[in-house]
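Colleague: Hi! Could you walk me through this one? I'm still learning how to read these.

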Amino acid sequence: MDRRFLKTEKAIREAYFSLLLSGETKISVAEIARKADIDRKTFYLHYQSADDIVVAYARETLNELLNMLKKRGFYSEPYDLAVLFECLNEMMMKDVDLYRRLSRDHNYDFFWETIRAIVNESVSDLYLRNLDRRNSKEIQTYIDFYTSGILAVYRRWLETGDGMSLDELGKYLSRISVTAIQIAMDKK
């Protein structure tokens, strides 16, 4: 891809997230273009709307997370959930202020739904391939419940700080997750 195109796209993202972190609630394409020092028409060569920037960020962040998990061997031993939460926490700490902002403003619920859907799909692919397909609807219900719950707990932590460190949160969630998986597997 053309370096100028990538440079402009990066400038658009930086402008958007700078405005978001400064407390702006409704960010217009005109504001983004002004801050990125581009024309509005140039913006539309990269994104259809300001929300598309956030969706693209969610997809890139999750791809980075999936690559981290792969490098740390999570897919060869998918029940070692400590690795999952260590990687999640590491990703979160890179942009914790941004995640806090996205968590506190319900205009960005679509960001969290995008993340939930991608994580749900990845977890489904990982676990359903290793389990009895006859129970796939039941297992998918467990996965939906699990991914939604984990995301809700992280969002609450981001919104409130919850009086615990992110490492503590990851350890609690890992223990809870292992217990839930053991119960589900024993049932099978």
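Colleague: Let me start with one residue: is D37 buried or exposed?

Modeller: D37 is exposed, with a relative accessible area of 70%. Do keep in mind that this is a predicted model.

Colleague: And where is D37 found?

Modeller: D37 is in the loop between α2 (29–36) and α3 (40–46). The backbone there is worth a look too: D37 has a positive phi of about 60°, although it is not a glycine.

Colleague: OK, zooming out. How many helices and strands are there in the protein chain?

Modeller: The protein chain has nine helices and zero strands. From the N terminus on, the elements read α-α-α-α-α-α-α-α-α.

Colleague: What share of the residues is buried?

Modeller: Buried residues make up 40% of the 188 residues in the protein chain.

Colleague: Which residues have the most contacts inside the largest nonpolar core?

Modeller: Those are Y16, I32, F111 and Y154, and that core has 50 residues. Several helices give two or more residues to this core, including α1 (3–21), α4 (50–71) and α7 (109–128). The largest share, 10 residues, comes from α4.

Colleague: Why would nonpolar side chains be buried together?

Modeller: In soluble globular proteins, nonpolar side chains tend to be buried together. That is a general tendency.

Colleague: Back to F111. What is F111 in contact with, leaving aside its neighbours within four places in sequence?

Modeller: With those neighbours set aside, F111 is in contact with V54, Y57, A58, Y99 and L102.

Colleague: What about T114, is that buried or exposed?

Modeller: T114 counts as buried because its relative accessibility is 13%, and the cut-off for buried is under 20%. T114 lies in helix α7. Again leaving aside neighbours within four places in sequence, T114 is in contact with V55, A58 and L62.

Colleague: Now helix packing. At roughly what angle do the axes of α1 and α4 cross?

Modeller: They cross at roughly 105°, and the axes come within 10 Å. So α1 and α4 are roughly perpendicular to each other. On the α1 side the contact is made by I12, R13, Y16 and F17, and α4 brings A50, I53, V54, A56, Y57 and E60. By class, that contact has eight nonpolar, no polar and two charged residues.

Colleague: And how far apart are the axes of α6 and α8?

Modeller: Helix α6 (residues 96–104) and helix α8 (residues 136–160) have their axes 8 Å apart and pack at an angle of about 105°. They are therefore roughly perpendicular to each other. In α6, V96, Y99, R100, L102, S103 and R104 meet R155, W157, L158 and E159 in α8. By class, this contact has five nonpolar, one polar and four charged residues.

Colleague: What comes up around D162?

Modeller: D162 is found in the loop between α8 and α9. It is partly exposed, with a relative accessible area of 30%. Apart from neighbours within four places in sequence, D162 is in contact with R156 and W157.

Colleague: Last thing, confidence. Which element has the lowest mean pLDDT?

Modeller: That is helix α9 (residues 166–187), with a mean of 78, while α2 has the highest, 96. The protein chain averages a pLDDT of 85, and 88% of the residues score at least 70.

Colleague: What should I do where pLDDT is low?

Modeller: Where pLDDT is low, the predicted coordinates should not be read in detail.

Notes: Residues numbered from 1 in each chain as written. Predicted model: local features only at pLDDT ≥ 70, side-chain atom pairs only at ≥ 80, totals over all residues. Heavy atoms only, no water. Helix = DSSP H or I, 4+ residues; strand = E, 2+ residues; numbered from the N terminus. Buried < 20%, exposed > 50% of the residue type's maximum accessible area, 1.4 Å probe, protein only. Axes fitted to C-alpha atoms, helices over the stretch in contact; angles between N-to-C directions. Parallel < 35°, antiparallel > 145°, perpendicular 65-115°, else oblique. Contact = heavy atoms within 4.5 Å. Nonpolar A, V, L, I, M, F, W, Y, C, P; charged D, E, K, R; others polar. pLDDT = per-residue confidence, 0-100. Core = buried A, V, L, I, M, F, W, Y, C linked by side-chain atoms within 4.5 Å.
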